[in-house]
Each structure stands twice: as C-alpha cells, then as structure tokens.
Amino acid sequence: MPVASVSEVFDVHIPAKLQAKPDVAAKINAIYQFVITGPAGGSWAVDCTAPGGKVVAGSAPGAKCTVTATDADFLSIVNGKMNPQMAFMSGKLKIQGDMGLALKLQQILG
C-alpha cells in the first residue's frame with residue numbers, strides 16, 4: 001500500500017518496519033538524519049542505536065548519515081516509483097556522511 005505523506009513514513013511506515021525486524025536496527029547500529037524539504041517536509045531522526053530502533057521528529061546529534069530530498073521525491077522513492085540510486089545520481093537525493101549506511105537504508109524504507 002503506498003504511503004500518502006512524509007509524516008506517515010516517519011510516524012507509521014518506518015516504526016512498523018523496525019518493529020517487524022528488530023534485528024535490522026541492531027545490525028545498522030547508527031543514527032540517520034532525514035531533512036525533507038517542501039511544504040510537507042520536516043526533519044526526523046531514525047535512531048538504530050536504540051534497542052529496536054526509534055523515530056523522533058527534529059534533529060539528532062551524532063547522526064552518521066544525513067539524507068536530504070524534497071517531499072515529492074522522497075515519497076516517490078519510498079513508494080517504489082523512483083529508483084534510489086537514480087535519484088542520487090540525478091541530485092534528487094542527497095547523502096552526507098557514511099555512504100555504507102546509505103546503502104542499508106532500503107532495509108528500513110523498503
């Protein structure tokens with residue numbers, strides 16, 4: 001089922017993924033910062049260092065990987081309409097920090 005809004009991704013979709021696969025957060029063991037621009041955007045942190053992982057609104061100190069995209073592009077990636085690698089290559093998805101962690105994002109978002 002497609003995700004309708006950016007806030008739904010962080011409030012429902014990612015927490016459900018982390019709950020369904022608690023070992024994924026333990027394997028990643030890092031903090032992601034998401035900066036989503038546009039009218040439906042905002043900042044969220046996905047903390048995979050916490051037991052089972054957790055999602056919080058706002059900024060997180062110690063983030064090892066920062067992901068930046070527009071709200072529309074981010075939803076397209078999450079809903080499988082846009083290939084994350086192509087989005088990165090075309091500049092629609094920006095990654096700062098640990099690229100290895102960026103590659104593991106599919107386990108949380110997919």
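Let me begin with the cysteines: the structure, which is a predicted model, holds zero disulfides. For those of us who think at the bench, a disulfide is a covalent bond between the sulfur atoms of two cysteines. In this model the sulfur of Cys48 has its closest cysteine sulfur in Cys65, and because the two are 11 Å apart, they are too far from each other for a bond; the cut-off used here is 2.5 Å. As for their surroundings, Cys48 counts as buried, at 2% relative accessibility, and Cys65 also counts as buried, at 0%.

Let me turn now to the strands. Strand β1, residues 31–37, pairs with strand β2, residues 42–47, in the antiparallel sense and over six bridges, and within that pairing Tyr32 stands opposite Val46 of β2. The two strands form a hairpin with four residues between them, and in the turn Gly38 has a positive phi of about 105°. On from there, β2 is joined by four bridges to strand β3, residues 54–57, and these two also run antiparallel, with Ala45 standing opposite Val56 in β3. This second hairpin has six residues between its strands, and Gly52 takes a positive phi there, near 80°.

Both of those residues are glycines, but which residue has a positive phi although it is not a glycine? That is Asn29, with a phi of about 50°, and Asn29 is found in the loop between α2, residues 22–28, and β1. As background, most residues other than glycine have a negative phi.

Finally, the aromatic residues, where a search of the whole structure finds five aromatic pairs. In one of these, Tyr32 and Phe34 form a tilted pair, with 6.3 Å from centre to centre and 35° between the planes, and both of these residues are buried. Phe34 also pairs with Phe74: the ring centres are 5.9 Å apart and the planes stand at 65°, so this pair is edge-to-face. What does that contact tie together? Phe34 lies in β1 and Phe74 in helix α3, residues 71–78, so the pair ties together parts that are 40 residues apart in sequence. Phe34 and Phe74 are both buried.

If you would like to find this region on the model, look for Phe10, Tyr32, Phe34, Trp44 and Phe74, which form one aromatic cluster. Tyr32 is therefore a residue that we have met twice, in the tilted pair with Phe34 and opposite Val46 in the strand pairing.

Note on methods:
Residues are numbered from 1 along each chain as its sequence is written. This is a predicted model: local features need pLDDT of at least 70, side-chain atom pairs count only at pLDDT 80 or more; totals for chains, interfaces and linings use all residues. Side-chain values use heavy atoms; hydrogens and water are left out. Rings of Phe, Tyr and Trp (its six-membered ring) pair if their centres lie within 6.5 Å; planes under 30 degrees apart count as stacked, over 60 as edge-to-face and the rest as tilted. Buried means under 20% relative accessible area, exposed over 50%, partly exposed in between (1.4 Å probe, protein chains only).
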